[in-house]
Amino acid sequence: MSKVKPVRKLMVWALYPLTIVAVFIAFVVLQLCTSMVVSAYVAVVLGALVISIAEWLMPVRGQWHPSMFDAGNDVTYMVVGQIALERLLTLGSLFVVAWLAGAATWSFPGWWPYQWPLWVQAVVVLVLGDFVRYWLHRAFHYVSWMWRLHAVHHSPQRLYWLNVGRFHPFEQAMQFVVDALPFIILGVGEEVLSIYFVFYAVNGFFQHSNCDVRLGLLNWVIAGPELHRWHHSLIPEESNNNFGNNLIVWDNCFGTRYFPRDQEVGELGIPVPGYPMSWLKQMIAPFDTRISMS
């Protein structure tokens, strides 16, 4: 038993950086035998597998392990929203780009640094995309009709990596329009977007995970799990902070970073008694006037 505790302490600090590095190594190596897009998806699946194992071996809270009901709903969200809807939105945007490309007046000369290294371009996508998502996310918390949509994401009372995909399709479509479509229209390369996707996905898994990890100084740069748990607090004064999607830098700039070091987050969820928890009922909940969100 005495040997387990030091290993656990080490993994608390090492799990996040080692997993991020490992998935990117896998992403690069896999490209030797398959396409960049396939490599990205396989790397993301590997990241999800590592995080799934870590949630069971080193959880923050044992009571956050999902029930079969929770997991079933979140898998439905993942398949319908993160896979099917995302593919449809991407396909639709490609038709838009093809139409614009046929217009003689459509061009964005010099609007994107195509000549920069791919990894640097991916960082630019990360920083610019997070700036727009930061303000969209704040709006989802303070504009009443938007909050009714976003409440779906905040409804779980447990955090584990699968609920990263719990978004109402209308919100997800709005997210796509502001943080993906502009880069597609600008013609940002598939390679750059694949690099961005790998970090976006794996960091998102960590954000919502039940893994006991520490990011240390990275908590001033990355919107990681220690910060994001406060964003899911049942108390609005706590949850109306840490809006960063991948980065916490914009929260630093605009005064919404919240990380009390001497406390742990309490209950999670939304202060709405009887809020429906099944996938189908949550598709309807934002439009059900019988549900009071005040």
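Student: How many helices and strands does the protein have?

Tutor: Remember that this is a predicted model. The protein has 12 helices and zero strands. Read from the N terminus on, the elements run α-α-α-α-α-α-α-α-α-α-α-α.

Student: How compact is the protein for its 294 residues?

Tutor: Look at the radius of gyration. For this protein it is 19 Å, close to the 19 Å that the globule rule gives for 294 residues, so the protein is as compact as a globular protein of that length. The C-alpha trace spans about 65 × 55 × 35 Å along its principal axes.

Student: What share of the residues counts as buried?

Tutor: A residue is buried when its relative accessible area is under 20%. Here 51% of the 294 residues meet that mark.

Student: And which atoms supply the exposed area?

Tutor: The protein exposes about 14,800 Å². Carbon and sulfur atoms supply 72% of that area.

Student: What do the contacts say about residues far apart in sequence?

Tutor: Take contacts between residues at least 6 apart in sequence. Of these, 73% join residues at least 24 apart.

Student: How many positive and negative side chains are there?

Tutor: There are 17 positive and 18 negative ones. The centres of the two sets lie 7 Å apart.

Student: How many disulfides are there?

Tutor: A disulfide is a covalent bond between the sulfur atoms of two cysteines. The test is a pair of cysteine sulfur atoms within 2.5 Å. By that rule, the count is zero.

Student: Are Cys33 and Cys253 buried or exposed?

Tutor: The cut-off for exposed is over 50%. Cys33 has 65% relative accessibility, so Cys33 counts as exposed. Cys253 is at 52%, so Cys253 counts as exposed too.

Definitions and conventions
Residues numbered from 1 in each chain as written. Predicted model: local features only at pLDDT ≥ 70, side-chain atom pairs only at ≥ 80, totals over all residues. Heavy atoms only, no water. Helix = DSSP H or I, 4+ residues; strand = E, 2+ residues; numbered from the N terminus. Rg over C-alpha atoms; globule rule 2.2 N^0.38 Å. Buried < 20%, exposed > 50% of the residue type's maximum accessible area, 1.4 Å probe, protein only. Contact = heavy atoms within 4.5 Å. Areas by Shrake-Rupley, 256 points an atom, 1.4 Å probe, with all protein chains shown as cover. Lys, Arg positive; Asp, Glu negative; His and termini not counted. Charge placed at Lys NZ, Arg CZ, Asp CG, Glu CD.
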